[in-house]
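Visitor: I'd like a close look at the aromatic side chains of this model and the packing around them. Please give me your cut-offs as you go.

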Amino acid sequence: MLERLVILSVPHPANMGRQLKAAPQNSNYARNFQKEGSENSLTADGLASMVSGSHPEMKAKYLEAFNRSSFAAMMNYYRANYPAAPDPNAPAPTFPKINVPVLVIHGMKDTALLSMGHDDTWDQVAKDTSLLMVPDAGHFVQHDAATLVNGTIRAWLDLHPVK
């Protein structure tokens, strides 16, 4: 199904429990997203402002896209996929190894998901694993360091051509 995998900001599921234990308060936004009706508190303007920063041209593009979007669908992603708070007595989950090359890019100023969540990512992958940690970027690393992120992805994809 996959020949290459690029991940921005989110740790491997095997490491997510460690991430949640280390900073459970950082996941409050996701817990709020999981609540029934959470989509009712979202607006296109609010979301566009959050992800575009102070770039008016980008905000206009996001605003247009969010006005065509389903906020309920966005929240359903968190309802279906964001893990429950870890049970301290439960064994750590195991997953099959990812059998394709992986590139992980993370902003070190991300306050939602900490960089330590990527520790040992390479133990979950059977192929080469590349990590780029961007010191001055936050959770939206693709916006905070767009040139670096885009250039890194392009170069990495060129090194890992589709067969």
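Guide: Happy to; we'll start with the ring pairs, move out to the core and finish at the sheet.

This is a predicted model, in which local features need pLDDT of at least 70 and side-chain atom pairs count only at pLDDT 80 or more, while totals for chains, interfaces and linings use all residues. Residues are numbered from 1 along each chain as its sequence is written, and side-chain values use heavy atoms, leaving out hydrogens and water.

The structure holds 6 aromatic pairs (Phe, Tyr and six-membered Trp rings with centres within 6.5 Å; planes under 30 degrees apart are stacked, over 60 edge-to-face, the rest tilted). In Tyr29 and Tyr78, the ring centres are 6.2 Å apart and the planes stand at 80°, so this pair is edge-to-face. Tyr29 belongs to helix H2 and Tyr78 to helix H5, so the pair ties together parts 49 residues apart in sequence (helices are DSSP runs of H or I with at least four residues, strands E runs with at least two, numbered from the N terminus).

How do these two tyrosines rate for burial, buried or partly exposed? Tyr29 counts as partly exposed, at 23% relative accessibility, whereas Tyr78 is buried, with a relative accessible area of 18% (buried is under 20%, exposed over 50%, partly exposed in between, with a 1.4 Å probe and protein chains only).

Tyr78 also pairs with Tyr82, this time in a tilted arrangement: 6.1 Å from centre to centre, with 40° between the planes. Tyr78 and Tyr82 are both buried. Ring pairs join Tyr29, Phe33, Tyr77, Tyr78 and Tyr82 into a cluster.

Stay with H5 for a moment: its residues Phe71, Met75 and Tyr78 are buried. They cover an arc of only 50° around the axis, which puts them on the same side of H5 (the arc is taken from the helix axis to the C-beta atoms). As background, an α-helix has 3.6 residues a turn, so residues three or four places apart point the same way.

Now for the wider packing. The largest nonpolar core has 16 residues, and Phe66, Phe71 and Tyr82 make the most contacts inside it (such a core joins buried Ala, Val, Leu, Ile, Met, Phe, Trp, Tyr and Cys through side-chain atoms within 4.5 Å). At least two of its residues come from each of helix H1 (13–22), helix H2 (28–34), helix H3 (44–52) and helix H5 (71–81). H3 gives the largest share, 4 residues. Neighbours within four places in sequence aside, Phe71 is in contact with Glu39, Leu42, Thr43, Ala44, Leu47 and Phe66 (heavy atoms within 4.5 Å). Another core of 11 residues lies apart from this one, with Ala137, Ala145, Trp156 and Leu157 among them.

Finally, the sheet. Three strands form an open, parallel sheet in the order S1-S2-S3 (strands pair when DSSP finds at least two bridges between them). Its edges are S1 (5–8) and S3 (129–134), each pairing on one side only. S2 (residues 102–107) shares 4 bridges with S1, including Leu5 with Val102 and Val6 with Leu103. S2 and S3 are joined by 6 bridges, and His106 stands opposite Met133 in S3.

For S2, 6 of the 6 residues are buried, so the strand is largely enclosed by the rest of the structure. Val102, Val104 and His106 are buried on one face of S2, and Leu103, Ile105 and Gly107 on the other.
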